[in-house]
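This report describes the empty space in the structure shown below, taking the enclosed cavities before the open pocket.

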Amino acid sequence: MEFRSVFVSNPAQLSVRRGQLVIRQEEERSVPMEDLSALLLESRAVSITTAALQELTDHGVTVYLCDETHLPAALVLPMNRHSRQLKLLKGQIAMRRPTQKRVWQGVVMSKISNQARCLSLLRKDEAEELRELADQVRSGDPDNWEAVAAARYFPALFGAGFTRGEECRVNAALNYGYAILRGAVARHLVMRGLEPCLGIFHHSELNRFNLADDLMEPYRPLVDLYVASHVPDDEGDLTPAIKQQLFQLSHYLVEQGGKQFRAISAIGRMADSFSRIVQSGEGQLELPHLLPLQLGRYE
């Protein structure tokens, strides 16, 4: 069902027992493995058994490990979830440049449209300007409208003079939320046998997740909307409460393919559509439409 993301911020011992992830702190709790989509280990005083790690990957759970600044720094991803990985790898390598450019055009259009939607939901006047920019994106985005939109979007969202390079709580929250979504995208790519280092736009030889960085772009405005709505723009580090809330963003609703899905499920559908494009060279990438913030729940 993969509807739970577990955040461990204090010292703990993690193990597995009868299909349950067991978390021992002052008290003992357990979570069914089949319910988990992600596990974030923020405390550096967490110990976990190799049996638990192996079973987590068997269930397709993304495990995030944090560094000394309490930011996500590493991922543990499943490697053996797909039986035709070589076929897909060959398809990714052979993917024609016009197909890559067409897919990237869709990604950029969706990203800018969702940025416009984010501004609209926050009643910012610049929303219409970004909607017009989205309509101008051509195959491969040779005019770099993605960068033009970003230069207008972030000051509109967080105030004149705001830049993504400054050290502040807002940027820390954005980076934290983006890291969570990046891990979710990487997880779904790997589960479908796709090689995440082979991007369609990002091509850095030092980046293990070029494709994840490509395909996460349209989901970034979900983080932006949450941060602009809920994270105080003042001095200080991210609080544990803010980080825990950001970790849950993959369970917020987006619209995709005419229906509403939690972002984690929508990302899986996007990965499925990309896999079909890789294998056939045809079709469209299934991309999200930003909705007002609403946490998806199971009855």
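In this predicted model, a cavity is a set of grid points where a 1.4 Å probe fits but cannot get out, and a residue counts as lining when it has an atom within 4 Å of such a point. By this rule the model holds 2 cavities of 30 Å³ or more.

| Cavity | Volume | Nonpolar lining residues | Polar lining residues | Charged lining residues |
|---|---|---|---|---|
| Largest cavity | about 50 Å³ | 6 nonpolar | 4 polar | 1 charged |
| Second largest cavity | about 30 Å³ | 7 nonpolar | 2 polar | no charged |

The lining of the largest cavity is made up of S5, S37, A38, T62, Y64, I180, A184, R187, F247, S250 and I264. Two or more of these residues come from each of β5 (36–41), β7 (62–66) and α6, and α6 provides the largest share, with 3 residues.

Around the second largest cavity stand N114, P218, Y219, P221, L222, V254, P288, H289 and L290. Here the elements that give two or more residues are α8 (220–230) and β11 (288–295), of which β11 gives the most, with 3 residues.

The open space is described next. The largest pocket contains about 320 Å³ of space and is lined by 16 residues, among which T69, L71, A172, D237 and L238 lie nearest its centre. Helix α6 (residues 169–191) contributes the largest share of this lining, namely 4 residues, while by class the pocket lining divides into 4 nonpolar, 6 polar and 6 charged residues. Helix α6 thus gives the largest share to the lining of the largest pocket and also to that of the largest cavity.

How values were computed: Residues numbered from 1 in each chain as written. Predicted model: local features only at pLDDT ≥ 70, side-chain atom pairs only at ≥ 80, totals over all residues. Heavy atoms only, no water. 1 Å grid on protein atoms, 1.4 Å probe; cavity = no way out; pocket = protein on both sides within 12 Å on 5 of 7 lines; lining within 4 Å. Points joined across faces, edges and corners; volume = space filled by probe spheres on them. Nonpolar A, V, L, I, M, F, W, Y, C, P; charged D, E, K, R; others polar.
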